[in-house]
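Reader: I would like to know how the labels attached to this model are justified. Please take them one at a time and set each value against its cut-off.

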Amino acid sequence: DRSGGPTGPAGPGDDESQASHCVCVPSYIVHGLLEAWEGKARRSKAAPEQNFHHEMLKKLALHLAAQPGEPTAAQMPMPQVQQVYMPVAPQPGPVQPVPVFAPHAPPQRSPAAPRMGLFQDHRPQEEFHRQMLQKLALHLAAQPDETSQEAKSSASHQDQAPTADLAAPVQLQIEPRINEAARAAEQVGEDKAQCDRLMEDLDVAERRSEVVSWVLSSNVLSLSLTQFGSRVVQKAIASASEVRDREKFAEELLQHAMDLYVSPHGNHVLAKLIEVLPSTRLVCIVEKMRGQATMVARHQFGSRILERLMEHCSEEQIGFLLDELFDGAANLEALARHPFANFVVQHIFEHGMPERKTRCFQMLLPYVLQHATHKTASNVVQRMLEHADVSSQALIADAFLAGEGEESLETIAATRYGSFVIHSLVDKLHPRIDAVKARVKAAQPQLSESKFSQKNILDFLGEAFFDD
C-alpha cells in the first residue's frame, strides 16, 4: 500500500487519502524502458538469459513508475510531453476516477494535496536507482548479444567478399588484355589516315620490317576485320619477305578462316594468305569447309575464297569440296543460277581438271537454253563455250539450233542476256558455225527490232555479212 492512508474511507482532512492511485511518469521514460526489454525479448525469445534480462527490465520500469513524488518546477517536463498514468495497487473505499486531460495540457492537481514525485530530490532513492541501473548495465554488457553476433557475422561476410572480388580479376586477367588489344587494333583499322601512313611505310624498305612486326604484335584478327586495317594486313602479308613472318600470319589467321571468309574485309586477307602460302599450308582451310561447300559457294564472300582455293590447290587437296557441289545435277544447276555461286561454277571450267570440266559440262548441257536468257546463268553458258573443246562447242550449238518457240535461237538472240550468248556462239570456229550464222542472217529483220541483238550480234557481224 503506497498511498499511506487508512484502510477505511478517507476523511476530509486526510491529505494522503486525497492522493490519486496513479503515479505520473513522463512517457519517454516508460516507453524507453519498455521498448528496451520488449525489443530485447523479440530478438532472442528462446534464450533463457535474455528472458532474465527481460524480467529485470520490466521490474525496473514498474519500480520506477510506482515511486511516489512530484517533479519540481525546475525539473517539470515540458507541457508538450504526453503524460502516461500507471495505476498503483487500489485502496479499499470509494474508487477515485482517473483524470483525463487534453493531449498537450498539463495535469490539473489540487494545490492542497501535494505528493512526493518521482523527480523530487530524494538522494537515497536516486542513489539506489543509479546503483541498480549500473549493475544492470554491467550485467547486460557481459552477456552475448544476438544483434552483435549478427553484425559480426555480417562483417565477416563483408570481410570475405573483397577476397573473392580480388580473386576474380586474377582469373580474368588475360581476357581484358585481349579485349583491350582488340579495341586498339579496331581503332587503328578504322582510321584511314593512320592506315595510309602504315601502308606508305611498308613501301619504304627501312621501315617495312618494323611495320610487319607491329602488325603481327597487334591483334591481327581484329585489324583484318576493319575496312582500312584489312588493307594494311594484306600489304604486310605481301611485303613479308621472310618465311617465318608469313608463317606467323598463317598461325594467327588460318585458325579463324571461317570468321574471315564471311567478313566483307577479312575475306580479302584470307584470299591474300591463299595466294602467298604454299598449297600444303591451305589444307586446314579446306578441312574447315568440309560438309559446307554449297553454303560457302552461295556466300557473297565465301564464293571468292572457293575460287582462290581452286586456283592454288590441287584436285587431291580440294576435290572432296567440289564433289559436294556436284551432288546431283539439280544442285549444280541451281548453283549456276545463283548470284554468287555461279562464279564458282565458272571457275570450275576455268581452273578445274579436264575430268572435272567434262563432268560439269555434261550435267549443265541440258539446261543451256534456259540458262542462256538468265541474268547469272548466261555467264556460265558463255564460260562453257569459251573453255569447251570443239566437239563440246558443237553440242552446245546443236542445242540452240534445235530450240523452238521461246527457246529458239532467234528468240534467245533478241533478249538482253541471250544476245551475249549468241554473240559468243557465232564468234567460235566450231563445226556448226555456218548453220548458226545462216539462222542469224535469216532473222535479221526480227533481230534489228531488238536493241540488244542489234548491238551485240548485228553490229558485231557487220553490214557486209548481211549483204552477201
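Reader: Which residues of helix H25 are buried?
Author: This is a predicted model. In H25, which spans residues 433-442, the buried residues are Ile433, Val436 and Val440.

Reader: What puts Ile433, Val436 and Val440 on the same side of H25?
Author: Around the axis they cover an arc of only 65°, so they lie on the same side of H25. Asp434 and Ala442, on the other side of the helix, are exposed.

Reader: What do the buried residues of H25 pack against?
Author: Their partners include helix H22 (390-401), helix H24 (418-426) and helix H28 (463-467).

Reader: Why is Phe465 called buried?
Author: Buried means under 20% relative accessible area. Phe465 has 18% relative accessibility, so Phe465 counts as buried. Phe466 is at 11% and therefore also counts as buried.

Reader: What makes Phe465 and Phe466 an edge-to-face aromatic pair?
Author: Ring centres must lie within 6.5 Å, and planes over 60 degrees apart count as edge-to-face. Here the centres are 5.0 Å apart and the planes meet at 85°, so the pair is edge-to-face. A search of the whole structure finds one aromatic pair.

Reader: How do you know that Lys441 sits over the ring of Phe465?
Author: The distance cut-off is within 6 Å of the ring centre, together with a limit of within 35 degrees of the ring normal. The charged end of Lys441 is 5.9 Å from the centre of the Phe465 ring, and is listed as sitting over that ring. Arg356 likewise lies over the face of Phe326, at 5.2 Å from the ring centre.

Notes. Residues numbered from 1 in each chain as written. Predicted model: local features only at pLDDT ≥ 70, side-chain atom pairs only at ≥ 80, totals over all residues. Heavy atoms only, no water. Buried < 20%, exposed > 50% of the residue type's maximum accessible area, 1.4 Å probe, protein only. Helix = DSSP H or I, 4+ residues; strand = E, 2+ residues; numbered from the N terminus. Arc of directions from axis to C-beta. Contact = heavy atoms within 4.5 Å. Phe/Tyr/Trp six-rings, centres within 6.5 Å; stacked < 30°, edge-to-face > 60°.
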